[in-house]
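Biologist: Hi! Could you walk me through a few helices in this one?
Modeller: Happy to, let's take a look together.
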Amino acid sequence: MTSPPQDSLHKTEFFRWQGPELELENARSLPEFTLAYQTYGQLNAAADNAILLCHALSGDAHVAGHHAEDQRLGWWDTMVGPGKAFDTSRYFVICSNVLGGCMGSTGPASPHPSDGRPYALRFPQVTIADMVRAQKHLVNALGIERLLAVSGGSMGGMQALAWARLFPDAVAGAIPIATAARHSAQSIAWNEIGRRAITGDPNWNGGDYYGEGVPQPEAGLAIARMVGHVTYLSEHSMEEKFGRRWQAEDGPAYTFEPEYAVESYLSYQADKFNQRFDANSYLYITRALDYFDFARWDGSDREAFACTQARFLFIAYSSDWLYPVRQNRELYEEARAAGVPAEFAEVDSSKGHDGFLIHTDDAAGPVSAFLRKLRS
């Protein structure tokens, strides 16, 4: 196997905040925290070419290129790099793992400062706004007072909205992609099924399952991932990829083991997820998603947009049923009604919610054009 070129390798760095305490929305605080992050490109002398990219539920800081440790490709490599939509020959791109995560940032699996044991459920419930406030400390530490843009898909889009509202002076442009102003009852329900699967696993043990040789709540996290993954796909993409194809060439074995290709696929995705994700982080992050409400600070989305100073580009994906086009368009319409400069683009995609990670070609043009306008 050929090794990737050295200039495409990216190493994760760590920002450590040690006070004053980070005040959280639930009236608790964190005395210190760490954010794992990566940067791409160069910050210019004026420090006005920085773009913050925010990941979705299960993402991490490694957004593009090959990781220096395991050489895996970044989750948005088709969008980030020289000559791409987020052009790293022009822009300084930052991506950090969220507070509450398990990819290097402080979360339930991290050591509690008082005793060194994992926080587990002692970790305070964090919100999207808390994640953003932690990112603000990182951005300032990098010498950046005002971001050219904040962008992300799904939960990343919610973070972009929160950035624009909470720090209006610090954001020139926001690009929320495949997202919503708040979760619908259906979205909350899907997340609750996943959480119940985890907390119902005997190995979850009230969240205290850390330590060498301790059984992990793998069955519960696997089910949560399966449920979540189905919401990221469209019916068309599942039919196209799997249909009713048998897993075995000679047909059914008449057992309760995976018989259909789609069952085997979900099992594979669940196993992969168990190898890299922490069950408690899944609980905390999905709850943060459910708590998010763009209107909570001002009473309505329109009033929230009126408190921003950024230009907006909203991008929706036609077959996304988790955060459908309608919800993205409503954000655009409320921004325009508030007198905020806003644009809207709909990408024709058969891939469902995952379209923002897969069908990026049609989004690249609007993103590139929008970023050029911000610089003009």
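Biologist: Which span should helix α1 have, and why?
Modeller: Helix α1 covers residues 128-141, so at 1.5 Å a residue its 14 residues should span 20 Å, and the end C-alpha atoms are indeed 20 Å apart. The expected span is 1.5 Å times one less than the number of residues. Helices here are DSSP runs (H or I, at least four residues), numbered from the N terminus.
Biologist: Is this model predicted, and how are residues numbered, or what gets left out?
Modeller: This is a predicted model, where local features need pLDDT of at least 70 and side-chain atom pairs count only at pLDDT 80 or more, while totals for chains, interfaces and linings use all residues. Residues are numbered from 1 along each chain as its sequence is written, and side-chain values use heavy atoms, leaving out hydrogens and water.Biologist: Back to α1, how many of its residues are buried?
Modeller: 10 of the 14 are buried (under 20% relative accessible area, 1.4 Å probe, protein chains only). Among them are I128, M131 and L138.
Biologist: What follows α1?
Modeller: G143, with a positive phi near 85°.
Biologist: New topic: how do α3 and α4 pack?
Modeller: Helix α3 (residues 185-199) packs on α4 at about 165°, with axes 7 Å apart. The two are therefore roughly antiparallel (over 145 degrees between N-to-C directions, using lines fitted to C-alpha atoms over the stretch in contact).
Biologist: Which residues meet there?
Modeller: W190 and I193 of α3 are among them, meeting α4 residues including L221 and V227; contact means heavy atoms within 4.5 Å.

Conventions. Residues are numbered from 1 along each chain as its sequence is written. Side-chain values use heavy atoms; hydrogens and water are left out. Buried means under 20% relative accessible area, exposed over 50%, partly exposed in between (1.4 Å probe, protein chains only). Axes are lines fitted to C-alpha atoms, for helices over the stretch in contact, and angles run from 0 to 180 degrees between N-to-C directions. Angles under 35 degrees count as roughly parallel, over 145 as roughly antiparallel, 65 to 115 as roughly perpendicular and the rest as oblique.
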